[in-house]
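Please open the model in your viewer and keep the sequence panel beside it. The tour below proceeds by selections, and each stop describes what is to be found there.

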Amino acid sequence: MGGLRKLAAPFVALGPSGVAIRDRLKHLTAEDEQVLRLVGDHLGTLASRDLRALCAVGLDHDAEGWAARKRAVTAVSSSRWAGSITKATHDQWALARRSQLAHIQQLEAGVRVLAHRLSLPVGEKGGKHAPGGYASRREWHAKSRRLPVLTDRLQALRADWQAGRVGVVRGGKRLLNTRHHLEAARLTEEQWRTRWQAERRFLKADGESGKRFGNETIRVTPDGEVSLKLPAPLAYLANAPHGRYVLTSRVRFAYRGEQWADRVHANRAVAYRIHEDPARGRWYLTASWTNPAVQSVPLAAVRAGGLVGVDTNADHLAAWRLDTHGNPLGAPRRFAYDLTGSAAHRDAQIRHALIRLLHWARRHHLALAVEDLDFTGETTREKHGRRKRFRRLVSGMPVARLRARLVSMAAELGIPVVAVDPAYTSRWGAQHWQQPLTTASRKTTRHDAAAVAIGRRALGHPVRRRTAPPPHDRSDRAGHRTAQAPPAIPGREGPRPRVPGPRTRSVPPGRGANAGDQDTQHRSGRPAEHQSWQQDTLPLSIQER
């Protein structure tokens, strides 16, 4: 047990901190689309300049610099547009810093594994916690050349991190690289440039509590009318008073529309974003707001009625219902999904699997127990070497997206989610539960057993079914099994409850009442009956002999 790491305590996952809903802007006129493109291109140019200014300052930025940049943007737009642009700039810079740190940590893990494997003899086998040496001299030589490359890259990233230099691309690095591979992407240069301009536009406004309908820059009335405040250089395009432009399209949020309407009527803050999808030729409006911090359900209350243990796999979710004492009930359930194809198809598959799981849990009024998985340290190619299939399997599991979607959808249905430490759940579940739960008509898989282990850990029980009793002592006595009946449980070693009627065909009704009495057992120092023992007289047939 010395090599096992300490397990983290289970906890109830917090619900989502924000909500985002979207609707299509239908029936836009050519003039509406032209105005949206002009405003988005103008504000996008200002956002690019502001981002360049912040990246040039780096770690030396402060409140005074922020105010100076906001004044510069306000002169060519408006105060509210300038506030949204500068805030988005800081968010994008902070995201780039977090991504840079994650890249540094991944490179450090790769360099550490490379140095370890190169220090081992060729062909040496690895253990459970550390990989072995390389299989051939050729592979060892290739990895020895890769090590200084990663080391130089790591040193350069560390220098950038300390200096505050980040690499940010407005519009996305992936779309930028697509410019050099238009044939593989099946795009013309004109189509790519249309997408590039659409991604670099800026049509996003933060909400303001207390203002009319929660947003003065992009305003949406309760009846669905959309209008936006035009920047100062484009004020001549206004078709409404106070330099505003009203779109001909009306929006109607089918999902969470009542929540949005309540916020709009109460003049609570709602942020809006207008963006174009050039591939489909459509415009969309996204509304978002933050939720107040909600007190989570206590863990003891979640455990009171049992729960459902869920094991996440590459192609399905394995679930098993457990009662309060950690005993599996019924049969295991599987909710399959297919992660091949486009991103939209994969996202829909995950969503449909989670919907079926949540509806099943809600019917039985049960909480969910999931693993707090994080595969960022497991996806490095240096750790698993030639196991490309395994690396592809681990990298393809959308644990972060699935966990975020599960918590968000469960909070909407009022289902608590308990997160547990994922250590050893598959191994111990298969060791202690796979064979006992396998019957002639049901074949329990390793994933089903892992779901039981996850559920038991969330309930606070050990994964193993029972613990071995203490060894026999000189008094010919063995202790109880602590995993099943703690000493504080009354009657843990008492007799079974009295069941009316015959227990077997040979015992008539009303007999066997003293089955739990220790005096009825034939032991040394224990009488077999409560009264004095005396042998009866012999039968007459025997006496005559």
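Begin with the whole chain in cartoon view, where the protein chain shows 16 helices and 13 strands. This is a predicted model, and it is therefore sensible to colour it by pLDDT, which is the predictor's confidence in each residue. The protein chain averages a pLDDT of 82, and 79% of the residues score at least 70. Select residues 515-523 next: over this stretch the pLDDT is below 50, although the stretch has 16 contacts in the model beyond near neighbours in sequence. Residues 526-545 also stay under 50 in pLDDT, and for them the model has 12 contacts beyond four places in sequence.

With the chain still shown as a whole, switch on the surface. The accessible surface of the protein chain comes to about 33400 Å², of which 51% belongs to carbon and sulfur atoms, while 35% of the 545 residues count as buried. Among the contacts in the chain with a separation of 6 or more, 64% are accounted for by residues 24 or more positions apart.

**First stop: a buried histidine**

Now select helix H3, which spans residues 79-119 and contains histidine 90. Is histidine 90 buried or exposed? Histidine 90 counts as buried because its relative accessible area is 12%, which lies under the 20% cut-off. Display the side chains around histidine 90: leaving out residues up to four places away in sequence, histidine 90 touches Leu54, His61, Trp66 and Arg69.

**Second stop: a three-stranded sheet**

Move to residues 218-250, where you can pick out the strands E4, E5 and E6, which form an open sheet in that order with antiparallel pairing. The edge strands are E4 (218-220) and E6 (244-250), each of which pairs on one side only. On average, and with direction ignored, neighbouring strands of this sheet are turned by 20° against each other. To look at one pairing in detail, select E4 together with strand E5 (residues 225-229), which pair in the antiparallel sense over three bridges. Isoleucine 218 has leucine 228 in E5 as its bridge partner.

**Third stop: two successive hairpins**

Select residues 307-336 and centre the view on strand E10 (residues 316-322), which is mostly covered, with six of its seven residues buried. Which strands does E10 pair with? On one hand, strand E9 (residues 307-312) is joined to E10 by six bridges and runs antiparallel to it; within this pairing, glycine 309 has tryptophan 320 in E10 as its bridge partner. E9 and E10 form a hairpin with three residues between them. On the other hand, six bridges also join E10 to strand E11 (residues 328-336), again in an antiparallel arrangement, and here histidine 316 has alanine 336 in E11 as its bridge partner. E10 and E11 form a hairpin with five residues between them, and in its turn glycine 326 has a positive phi of about 85°.

**Last stop: a threonine in a loop**

Finally, select threonine 445, which is found in the loop between helix H14 (425-434) and helix H15 (446-459). Show the side chains here, since two polar contacts are worth inspecting. The side chain of threonine 445 is joined to that of arginine 334 by a polar contact of 3.0 Å, and a polar contact, also of 3.0 Å, links the side chains of threonine 445 and aspartate 448. Leaving aside neighbours within four places in sequence, the residues in contact with threonine 445 are Arg334 and Gln434.

Methods
Residues numbered from 1 in each chain as written. Predicted model: local features only at pLDDT ≥ 70, side-chain atom pairs only at ≥ 80, totals over all residues. Heavy atoms only, no water. Helix = DSSP H or I, 4+ residues; strand = E, 2+ residues; numbered from the N terminus. Polar contact = N/O pair within 3.5 Å; in protein donor to acceptor, adjacent residues only side chain to side chain. Contact = heavy atoms within 4.5 Å. Pairing = 2+ DSSP bridges. Axes fitted to C-alpha atoms, helices over the stretch in contact; angles between N-to-C directions. Buried < 20%, exposed > 50% of the residue type's maximum accessible area, 1.4 Å probe, protein only. pLDDT = per-residue confidence, 0-100. Areas by Shrake-Rupley, 256 points an atom, 1.4 Å probe, with all protein chains shown as cover.
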